[in-house]
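Reader: I should like to understand on what grounds the descriptive terms for this protein are applied. Please set each value against its criterion.

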Amino acid sequence: MPLQTRRRVLRGAGVALLAALAGCTGSESSSQPSPTPHGPRPENLVTDYDYFELRSPSGRPVFRDADSDASDSTLDALLVTNADERTDIDVVTTPDGIDDARRFIDETSFESQSLAIVQHRVDACRTVKLNYLTAPPDRFVDIDFCYVLRDASVECSVDDRHVVASLIRLPFSESDRPDSGWSRGGGRSCRLPPSLRNESVEEDA
């Protein structure tokens with residue numbers, strides 16, 4: 001149920017005036033189209049992707065662009081669209097699962113696929129969820145994440161910082177998409193934007 005946040009500030013003659021105006025224009029206003037729901041267009045939603053995730057308890061980046069400063073703690077985000085660019089991925093931390101991550105990268109077929117690597121720094125009691133991704137006509141891909149609490153059985157401290165690496169194998173290659181950049185973002189809410197919601201979607205608060 002939506003929150004009721006608007007206050008009624010009209011009364012007396014003001015209410016009467018609005019009622020009179022509504023009587024004159026009601027039939028015209030009722031023909032106006034409903035506002036378009038805010039958010040990405042549903043036809044741009046991508047659902048046939050592969051996803052792999054691993055966590056570095058050291059808090060250090062797992063992957064780095066080969067041209068980046070090795071001493072920098074910045075978390076690189078990488079979009080790999082061809083086999084040559086794959087050699088630009090350096091592994092700088094080897095947490096559990098790194099061999100599977102390497103295999104995931106190596107098995108990407110860049111003739112028909114591409115690869116996005118996004119790293120997140122979170123507290124040890126949270127993890128990352130891929131909320132949705134879209135392929136709008138003016139960008140290669142837009143990716144939205146959200147951050148959720150890990151299972152209650154996991155022993156953790158919010159004072160510890162981990163890095164979670166998200167690897168996403170996209171179902172299109174550089175020849176299929178515009179070479180005009182990409183975006184990635186996220187927040188604590190896994191609630192889908194209004195334009196992507198429907199009655200069959202279970203939303204997280």
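Author: The exchange below takes up one strand, one residue within it, the disulfides and some of the salt bridges. The model is a predicted one.

Reader: What makes strand 6 largely enclosed by the rest of the structure?

Author: Strand 6 covers residues 114–123, and nine of its ten residues are buried, so the rest of the structure largely encloses it.

Reader: How do you know that strand 6 pairs with strand 4 and with strand 9?

Author: Pairing requires at least two bridges between two strands. Strand 4 (residues 78–80) is joined to strand 6 by three bridges, and strand 9 (residues 161–170) is joined to strand 6 by ten. Both counts therefore satisfy the criterion. Strand 4 and strand 6 run antiparallel, as do strand 6 and strand 9. For individual positions, valine 80 has leucine 115 as its bridge partner in strand 6, while aspartate 123 stands opposite arginine 161 in strand 9.

Reader: Why is glutamine 119 called buried?

Author: Glutamine 119, a residue of strand 6, has a relative accessible area of 8%. The term buried applies under 20%, so glutamine 119 qualifies.

Reader: Which backbone atoms does the side chain of glutamine 119 reach, and why do these count as polar contacts?

Author: The side chain reaches the backbone nitrogen of valine 62 at 2.8 Å and the backbone oxygen of aspartate 76 at 2.9 Å. The distance limit is 3.5 Å, so both pairs fall within it. Valine 62 and aspartate 76 also appear among the residues that glutamine 119 touches, which include Phe63, Leu75 and Val164.

Reader: How do you know that cysteine 125 and cysteine 156 form a disulfide?

Author: Their sulfur atoms are 2.1 Å apart, and the cut-off is 2.5 Å, so the pair qualifies. The torsion about the S-S bond is about 110°, so this disulfide is right-handed. The pair links distant parts of the chain, 31 residues apart: cysteine 125 lies in the loop between strand 6 and strand 7, and cysteine 156 in the loop between strand 8 and strand 9.

Reader: Are cysteine 125 and cysteine 156 buried or partly exposed, and on what values?

Author: Cysteine 125, at 13% relative accessible area, is buried. Cysteine 156, at 35%, lies between the limits of 20% and 50% and therefore counts as partly exposed.

Reader: What makes cysteine 146 and cysteine 190 a disulfide?

Author: The sulfur atoms of cysteine 146 and cysteine 190 are 1.9 Å apart, which again is within 2.5 Å, so the term applies. Cysteine 146 is in strand 8 and cysteine 190 in the segment after strand 10, 44 residues apart. Both cysteine 146 and cysteine 190 are buried. The whole structure contains two disulfides, and their pattern is 1-3, 2-4 when bonded cysteines are counted along the chain.

Reader: Why are Asp138, Arg139 and Asp142 described as a network of salt bridges?

Author: Arginine 139 meets aspartate 138 at 3.2 Å, N to O, and aspartate 142 at 2.5 Å. The limit is 4 Å, so both pairs are salt bridges, and the three residues are thereby linked in a network. Aspartate 142 is buried at 11%, whereas arginine 139 is partly exposed at 28% and aspartate 138 is partly exposed at 45%.

Notes: Residues are numbered from 1 along each chain as its sequence is written. This is a predicted model: local features need pLDDT of at least 70, side-chain atom pairs count only at pLDDT 80 or more; totals for chains, interfaces and linings use all residues. Side-chain values use heavy atoms; hydrogens and water are left out. Buried means under 20% relative accessible area, exposed over 50%, partly exposed in between (1.4 Å probe, protein chains only). Helices (H or I, at least four residues) and strands (E, at least two) are DSSP runs, numbered from the N terminus. A polar contact is a pair of N or O atoms within 3.5 Å; within protein, one must be able to donate a hydrogen and the other to accept it, and residues adjacent in sequence count only if both atoms are side-chain atoms. Contact means heavy atoms within 4.5 Å. A salt bridge is a side-chain nitrogen of Lys or Arg within 4 Å of a carboxyl oxygen of Asp or Glu. Lists of a residue's contacts leave out its neighbours within four places in sequence.
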